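Colleague: I'm new to this structure and would love a close look at a single part of it. Could you pick one helix and walk me through its surroundings?

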Amino acid sequence: APANGLLTGKHLVITAGPTREPIDPVRYLSNHSSGKMGYALATQAKRLGAQVTLVSGPTQLAPPAGVKVINVESAQEMLAAIESVIATADVFIGCAAVADYRLAEVAGQKIKKQQDSMQLQLVRNPDILATVASRVNPPLCVGFAAETQNVAGYAEDKLKRKRLALIAANDVSDTSIGFNSDDNAMTLYWHDADGQLCQRELARAGKAQIAEAILRQVHSFLD
Ligand code: C5P
């Protein structure tokens, strides 16, 4: 379908996929994020006329046509890539499943097996979304939340704590959708001008359709 120009003139920076936190030269910590939702957002944003920068962790997906893709592995690399492009962004969408922790120290050589048990020491990664949202002139920031309980409560908390304009939340206790699925169902949360929490249900649909609905909601907050 042709672009209708809803986002023409806007620069969207989108993160997607998992991060990979190295343990040693041959091992890492990661998660099951497929990157499909972030790539769908990038594809639809481009179709709606936006300039799109996609900062992607390792995925099996083809780069969307006409989108600038920056490939990264770790959370720290993801943050550095974002900081190199964020100054011109109108919108930042944090769709990546960023690892909450990385190794305190990455071993320079392959770790040999030793005793029957071993411990890895982890330290917190930077919160990329919160870092972008607390800039002096931040772009409009959108976050994702995958929760198994109290979805609305955690979404509202995240809106405030991370200074977001919009949260797209899904209930990951429904294992038929979400991670690695082609479909998704989400609830969007935001605050209106009076500070009231608003919500909108996006019924189960393909990730392209969900992405377009999220971008239309984002557009309503611009200008
Ligand atoms: O706090 P929580 O991890 O549930 O928040 C999820 C949202 O925050 C997602 O939009 C995710 O991309 C973003 N996030 C981030 N950097 C982190 C952790 C989460 O940008 N280190």
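Modeller: Happy to! One term comes up straight away: a residue is called buried if 20 or more other C-beta atoms lie within 10 Å of its own. Please also keep in mind that this is a predicted model.

Let's take helix 5, residues 207-221. At 1.5 Å a residue, its 15 residues should span 21 Å, and the end C-alpha atoms are indeed 21 Å apart, so expectation and model agree. The buried residues in helix 5 are K207, I210, A211, E212, I214, L215 and V218. What lies over them? The cover includes helix 1 (36-47), and strands contribute too, among them strand 6 (91-94), strand 9 (140-147), strand 10 (166-171), strand 11 (183-191) and strand 12 (197-206). Just after the helix, D223 adopts a positive phi of about 65 degrees.

Now for the setting. The protein chain holds five helices and 12 strands, and buried residues account for 39% of its 223 residues. A compact globule with 223 residues would have a radius of gyration near 17 Å; the chain has 18 Å, which agrees. Of the contacts between residues at least 6 apart in sequence, 63% join residues at least 24 apart.

Strand 9, one of the elements covering helix 5, also leads us to the ligand: it gives the largest share of the surrounding shell, three residues. That shell has 15 residues, the closest being G94, V98, I128, L129 and G143. By type, the shell divides into eight nonpolar, four polar and three charged residues.

Note on methods: Residues numbered from 1 in each chain as written. Predicted model: local features only at pLDDT ≥ 70, side-chain atom pairs only at ≥ 80, totals over all residues. Helix = DSSP H or I, 4+ residues; strand = E, 2+ residues; numbered from the N terminus. Expected span 1.5 Å × (residues − 1). Buried ≥ 20, exposed ≤ 12 C-beta atoms within 10 Å, placed from the backbone. Contact = placed C-beta atoms within 7 Å. Rg over C-alpha atoms; globule rule 2.2 N^0.38 Å. Near = placed C-beta within 6 Å. Nonpolar A, V, L, I, M, F, W, Y, C, P; charged D, E, K, R; others polar.
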